[in-house]
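Me: I am new to this structure and would like to be guided through the surroundings of its ligand and its nonpolar interior. Please begin once the structure is on display.

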Amino acid sequence: MSNTDFVLAIEDLTVSFDGFKAVDKLNMYIDKNELRVVIGPNGAGKTTVLDLICGKTKSTAGSIKFKNRELTKLSEHEIVRAGVGRKFQTPSIYENLSVYQNLEVSYPKGRGVFGSLFFKRNDAVVAQVHKIAREIMLQDFLGMEAALLSHGQKQWLEIGMLLMQDPELLMLDEPVAGMSAKERDQTAELLNRICQNRSVIVIEHDMEFVKKIAHKVTVLHQGKILAEGAMDKVQANEKVIEVYLGH
Ligand code: ADP
Ligand code: MG
C-alpha cells in the first residue's frame, strides 16, 4: 500500500489459532485525532485486534501501518516506542506506590536532556506529572497510595501512566467496566479531552457510554467487520441488531 494520511491503516489482517481465524482479513483505517469504538459480541476478536496492533500477538497475514510504518515486524517494546499505548482490562498500577510515583516511573526513559543538565529532565518530569494528574482528575491525590484509590480512579491512573509517554495512538479495552455512573461520565469527558491530541481506539459494551465518545463505531463479528460508521447508523443496522444489540 502507498503512503496514507491515516494514523493507523490495517489491511487484510488475519490471525489463525490452530486453524481458527480469530481475525479474518480485517481492514480498518483510523484518522488523526479520531476516537473509534469497537463493539461486538464476546469472542468477536476485539481484544485480539488490540493484541495484534501492540505486538502481543503476531499476525498470520496482513499489514498494520502506524504512521506508514509497518508494525507487524516490530517487537512490543518497539511498538510502544513508536508511539502506541495500550491499556488492558485489569489495571496494572503499582499499588504500594503513590499516584505521583506511579506517574513518575512511567515517564519515558531516554527522553530529554541528560548528563550535566540532569536537573532539566527532572523539571520536565515534574511538569508532566502535574499536567497528566490534572488531566486524569487526580491532582488532589498525588500523595495517596494507589491501593487506596477507588476502582475508577485506578483505571484513570493507568490511563495517566500511558499518557506520560504521550502516545499518538492509545488503545483501551473496556475502560468503564465496573465503574459507577458518575465515573463513567467523567471517563467519557476524559476520553473526549485526550483524543484532541491523539487517536484513540476503545473497546466497550456500554452503549450509553459509546454514544458519548464515539466518532465512528466498528462492529466486529467472527473476526470480520459487520458494520462501520456513525453510531446512529450502526445502531439501526439490521445485522448489528440481530447479532449484537438485540440481546
Ligand atoms: P473479544 O475480545 O471480542 O471478546 P477475543 O479477541 O478475546 O474476543 O477472542 C476472539 C476469539 O479468539 C475467541 O474465540 C478466543 O477464544 C480466541 N483466542 C483469542 N486469543 C487466543 C489465543 N492466544 N489462542 C487461541 N485462541 C485465542
Ligand atoms: Mg475482549
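Me: Which residues are around ligand 1?
Reply: The model is a predicted one. A residue is listed here if one of its heavy atoms lies within 4 Å of the ligand. Around ligand 1, the residues are Phe17, Phe20, Ala22, Pro41, Asn42, Gly43, Ala44, Gly45, Lys46, Thr47 and Thr48.

Me: Which residue has a side-chain N or O atom 2.9 Å from an oxygen atom of ligand 1?
Reply: Polar backbone atoms should be set aside here: that of Gly43 lies 2.8 Å from an oxygen atom of ligand 1, and that of Ala44 lies 3.1 Å from an oxygen atom of the ligand. The side-chain atom at 2.9 Å belongs to Thr47.

Me: What percentage of the accessible area of ligand 1 does the protein cover?
Reply: On its own, ligand 1 has 560 Å² of accessible area. The share of this area covered by the protein is 57%.

Me: Which element gives the largest share of the shell around ligand 1?
Reply: Two or more residues come from each of strand S2 (20-30) and helix H1 (46-53). The largest share, 3 residues, is that of H1.

Me: How many charged residues does the shell around ligand 1 have?
Reply: Sorted by class, the shell has 5 nonpolar and 5 polar residues. Its charged residues number 1.

Me: Which helix gives the largest share of the largest nonpolar core?
Reply: This core has 47 residues, of which Leu103 and Leu157 touch the most other members. The largest share of the core amounts to 6 residues, and its source is helix H5 (residues 151-163).

Key. Residues numbered from 1 in each chain as written. Chains lettered and ligands numbered in written order. Predicted model: local features only at pLDDT ≥ 70, side-chain atom pairs only at ≥ 80, totals over all residues. Heavy atoms only, no water. Polar contact = N/O pair within 3.5 Å; in protein donor to acceptor, adjacent residues only side chain to side chain. Areas by Shrake-Rupley, 256 points an atom, 1.4 Å probe, with all protein chains shown as cover. Helix = DSSP H or I, 4+ residues; strand = E, 2+ residues; numbered from the N terminus. Nonpolar A, V, L, I, M, F, W, Y, C, P; charged D, E, K, R; others polar. Core = buried A, V, L, I, M, F, W, Y, C linked by side-chain atoms within 4.5 Å. Buried < 20%, exposed > 50% of the residue type's maximum accessible area, 1.4 Å probe, protein only.
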